[in-house]
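Work through the exercises below with the coordinates open. Try each task before reading its solution.

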Amino acid sequence: MTNTNDTSDSQSSQKTQKARQTDDDASQDAPATERPAPMQVLREARAQLTELTGLAPESVSSFEQTEDGWSLEMEVLELERVPDTMSLMASYQVELDSQGQLTGYRRVRRYERGRADARRGGGH
C-alpha cells in the first residue's frame, strides 16, 4: 500500500521549484529597468511615426537620450514635387519613453528640399 499524500506533496514541491526557476530565468534574461539599444530605439521610432502619420522618415537629424527616455528629430517627405528639389519636407520632434515607445510628436518646421537652413538665433 502506498501513501498518496507523500506523492502529491512531492509533486507540489517540484512544481514550486520549477516556477521559481522559471521566474529566476526570466528576470535574468530581461531586467525591467534596462533601456533598449539606441539602434533599436531608432528603428522603433521610425516605424511608430510612420504608422501614426503615414509619412516615412527619410533621416534622423538629431537623437539624444533624456532623463525620461529619448528625443529625436526626423525629416519626412510631406509633398513630392517635380523637380525633387521643390518637394516639401518637414522636421518632426518625436518623444519616446525609456522603453522606446512613442509618447508624442509634433511638426516643428516645413521647408523645400532644395533650401538651406536659415541661421537660427540671429547670427550673421
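In this predicted model, residues 24 or more positions apart account for 41% of the contacts in the chain with a separation of 6 or more. Buried residues make up 24% of the 124 residues.

**Exercise 1. Lay out the fold**

Task: Find the helices and strands, then give the strand order and the pairing sense of the sheet.

Solution.
- Step 1. Count the elements. The chain has two helices and four strands.
- Step 2. Read along the sequence. The pattern is α-α-β-β-β-β.
- Step 3. Order the strands. The sheet is open, runs 1-2-3-4 and is antiparallel in its pairing.
- Step 4. Find the edges. Strand 1 (57-65) and strand 4 each have a single partner strand, so one side of each has no neighbour in the sheet.
- Step 5. Add the geometry. From one strand to the next, the twist averages 20°.
- Step 6. Place the helix. Helix 2 lies across strand 1, strand 2, strand 3 and strand 4, and runs at about 130° to strand 1.

**Exercise 2. Follow strand 2 and its partners**

Task: How many bridges does strand 2 make with strand 1, and how many with strand 3? Name some residue partners as well.

Solution.
- Step 1. Take the strand 1 side. Seven bridges pair strand 1 and strand 2 in the antiparallel sense. A hairpin of three residues connects these two strands.
- Step 2. List partners across that pairing. Val 60 has Met 74 as its bridge partner. Phe 63 stands opposite Leu 72. Gln 65 stands opposite Trp 70.
- Step 3. Take the strand 3 side. Strand 2 and strand 3 run antiparallel and are joined by ten bridges. Here Leu 72 has Val 94 as its bridge partner.
- Step 4. Check burial. Nine of the eleven residues in strand 2 are buried, so the strand is mostly covered.

**Exercise 3. Classify the aromatic pairs**

Task: Search the whole structure for aromatic pairs. Decide for each whether the rings are stacked or tilted.

Solution.
- Step 1. Collect the hits. The search returns two pairs.
- Step 2. Choose the descriptors. An aromatic pair is described by the distance of the ring centres and the angle of the planes.
- Step 3. Test Phe 63 with Trp 70. The centres are 5.3 Å apart and the planes lie at 10°. Planes under 30 degrees apart count as stacked, so this pair is stacked.
- Step 4. Compare exposure within the pair. Phe 63 is partly exposed because its relative accessible area is 30%. Trp 70 counts as buried, at 3% relative accessibility.
- Step 5. Test Tyr 92 with Tyr 105. The centres are 6.0 Å apart and the planes lie at 45°, so the pair is tilted.
- Step 6. Locate this second pair. Tyr 92 belongs to strand 3 (residues 88-97) and Tyr 105 to strand 4 (residues 102-112). They are 13 residues apart, and the pair links distant parts of the chain.
- Step 7. Check exposure again. Tyr 92 is buried at 9% relative accessible area, whereas Tyr 105 is partly exposed at 36%.

**Exercise 4. Find charges over rings**

Task: Which rings have an arginine over them?

Solution.
- Step 1. Look at Trp 70. Arg 35 lies over its face, 5.6 Å from the ring centre.
- Step 2. Look at Tyr 111. The charged end of Arg 109 sits over this ring, 4.1 Å from its centre.

**Exercise 5. Map the largest nonpolar core**

Task: Which residues of the largest nonpolar core touch the most other members, and which elements supply at least two residues?

Solution.
- Step 1. Set the size. The core holds 14 residues.
- Step 2. Pick the best-connected members. Leu 49, Leu 72, Met 74, Val 76, Tyr 92, Val 94 and Leu 96 touch the most other members.
- Step 3. Assign the elements. Helix 2 (38-53), strand 2 (69-79) and strand 3 each supply at least two residues.
- Step 4. Zoom in on Tyr 92. Beyond its neighbours within four places in sequence, its contacts include Leu 49, Leu 55, Leu 72, Met 74 and Val 76. Among its other contacts are Glu 73, Glu 78, Tyr 105, Arg 106 and Arg 107.

Technical notes
Residues are numbered from 1 along each chain as its sequence is written. This is a predicted model: local features need pLDDT of at least 70, side-chain atom pairs count only at pLDDT 80 or more; totals for chains, interfaces and linings use all residues. Side-chain values use heavy atoms; hydrogens and water are left out. Rings of Phe, Tyr and Trp (its six-membered ring) pair if their centres lie within 6.5 Å; planes under 30 degrees apart count as stacked, over 60 as edge-to-face and the rest as tilted. Buried means under 20% relative accessible area, exposed over 50%, partly exposed in between (1.4 Å probe, protein chains only). A charge sits over a ring if NZ of Lys or CZ of Arg is within 6 Å of the ring centre and within 35 degrees of the ring normal. A nonpolar core is a set of buried Ala, Val, Leu, Ile, Met, Phe, Trp, Tyr and Cys residues joined through side-chain atoms within 4.5 Å. Contact means heavy atoms within 4.5 Å. Two strands pair if DSSP finds at least two bridges between them. Axes are lines fitted to C-alpha atoms, for helices over the stretch in contact, and angles run from 0 to 180 degrees between N-to-C directions.
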